[in-house]
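User: I'd like to go through a model with you. Can we start with the strands and then move to the side chains?

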Amino acid sequence: MSNTFSNKFVADEKNLTLLKDTMWGPNAIRQAEELASHFTITKDMKILDLGCGTGLSALYLVQAHGANVLATDLYADPTENHERFKSLGISDKIVPMLIDATQPLPFAKGFFDVIFSVGAYNMFGDNDEMLPKLIPYVKKGGYIAVAFPGLKYEFGDNVPPEMQRFWAEPDVTRSVRGIEWWKELFNKAKGIEIVNISEMSCHGIAWDEYIKSLDPNGGDNLGDDKWTLDMMKAEDGKYFNTIQLIAKVI
């Protein structure tokens with residue numbers, strides 16, 4: 001696939017500073033571009049960005065496609081996101097909101113052309129209920145497109161020794177699953193046609209860009225980032241992938 005937007009974006013020093021200040025994980029702009037390559041986004045579309053974090057995926061949807069975005073997250077401050085969008089000159093196209101995706105959504109059925117999510121879906125969508133819950137909010141012919149951290153295969157009871165420390169965390173054990181596990185879950189949903197379920201080709205570079213943005217001498221000041229760095233060092237490219245699902249609502 002083409003990485004035209006992402007490559008141009010990271011080539012700009014100002015944009016690199018933005019990424020360094022705002023990335024919560026692997027480069028969401030690069031993941032958003034690959035995810036969006038599987039269908040067409042136009043400037044008249046209304047998109048619900050679920051789990052937008054600091055808004056990098058929303059930034060991509062607006063700057064690359066001119067779409068209208070509701071940028072929602074449970075943990076990111078919508079006021080901070082709004083100020084960031086204003087500084088980028090895109091606040092007229094994005095409405096930032098505080099939303100818990102596990103609760104009833106305050107939107108009209110069939111309102112959105114696309115539901116989009118980068119780096120968050122596995123935290124709330126690892127169950128039989130979430131995908132069927134989201135489908136009614138998308139117009140017929142619209143899309144649900146999500147990308148999130150995963151595994152090349154299920155560990156089951158055979159967690160590799162170097163990963164056992166990290167798999168002691170219940171949220172990791174619950175939400176970081178193998179691609180075959182996700183395929184089985186997604187194929188249960190009615191009312192959609194699966195366009196693509198696969199490993200993202202940008203997995204390596206998106207992670208590299210995030211890791212390079214961190215201060216290697218930050219020590220304990222890195223907080224959760226240090227835990228992530230330790231995990232990625234232990235994993236060493238053997239187990240993790242980034243999984244994408246694109247489904248058309250029928």
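User: How many bridges join S5 to strand S7?
Analyst: Nine bridges join S5 to S7 (residues 240–249), and the two run antiparallel. Strands here are DSSP runs (E, at least two residues), helices are DSSP runs (H or I, at least four), and both are numbered from the N terminus. Two strands pair if DSSP finds at least two bridges between them.

User: Before we go on, what kind of model is this?
Analyst: This is a predicted model: local features need pLDDT of at least 70, side-chain atom pairs count only at pLDDT 80 or more, and totals for chains, interfaces and linings use all residues. Residues are numbered from 1 along each chain as its sequence is written, and side-chain values use heavy atoms, with hydrogens and water left out.

User: Back to S5. Which residue in S7 stands opposite Ala145?
Analyst: Ile246.

User: And how does strand S4 run with S5, parallel or antiparallel?
Analyst: Parallel, with six bridges joining S4 (residues 112–118) to S5. Ser117 has Val146 of S5 as its bridge partner.

User: Why is S5 largely enclosed?
Analyst: S5 (residues 138–151) has 14 residues and ten of them are buried, so the rest of the structure largely encloses it. Buried means under 20% relative accessible area, exposed over 50%, and partly exposed in between (1.4 Å probe, protein chains only).

User: New topic. How many residues has the largest nonpolar core?
Analyst: It has 52. Such a core is a set of buried Ala, Val, Leu, Ile, Met, Phe, Trp, Tyr and Cys residues joined through side-chain atoms within 4.5 Å. Ile47, Val69, Phe116, Met163 and Trp167 have the most contacts inside this core.

User: Which helix gives the most to this core?
Analyst: Helix H4 (residues 56–65), with six residues. Another core, of 32 residues, lies apart from that one. Leu48, Met130, Val146 and Ile243 are among its members.

User: What is Phe116 in contact with?
Analyst: Leaving aside neighbours within four places in sequence, its contacts (heavy atoms within 4.5 Å) include Ile47, Leu48, Leu61 and Ala145. Asp49 and Ser57 are also among them.

User: Now charges. How many salt bridges are there?
Analyst: Eleven. A salt bridge needs a side-chain nitrogen of Lys or Arg within 4 Å of a carboxyl oxygen of Asp or Glu. In one of them, the side chains of Arg30 and Glu209 meet at 2.7 Å, N to O.

User: Which parts does that pair tie together?
Analyst: Arg30 lies in helix H3 (residues 28–36) and Glu209 in helix H11 (residues 203–213), so the pair links parts 179 residues apart in sequence. Both residues are buried.

User: What about Glu180 and Lys183, how far apart are they in helix H10?
Analyst: Three residues, so about one helical turn separates them in H10 (residues 179–186). Their side chains meet in a salt bridge of 3.5 Å, N to O. Glu180 counts as exposed at 52% relative accessibility, and Lys183 as partly exposed at 27%.

User: Which residues are linked in a network of salt bridges?
Analyst: Asp126, Asp171 and Arg174.

User: Last one. How many disulfides does the structure hold?
Analyst: Zero. A disulfide is a pair of cysteine sulfur atoms within 2.5 Å.

User: Why is there no bond for Cys202?
Analyst: Its closest cysteine sulfur, in Cys52, is 18 Å away, which is too far for a bond. Cys202 counts as buried at 3% relative accessibility, and so does Cys52 at 6%.
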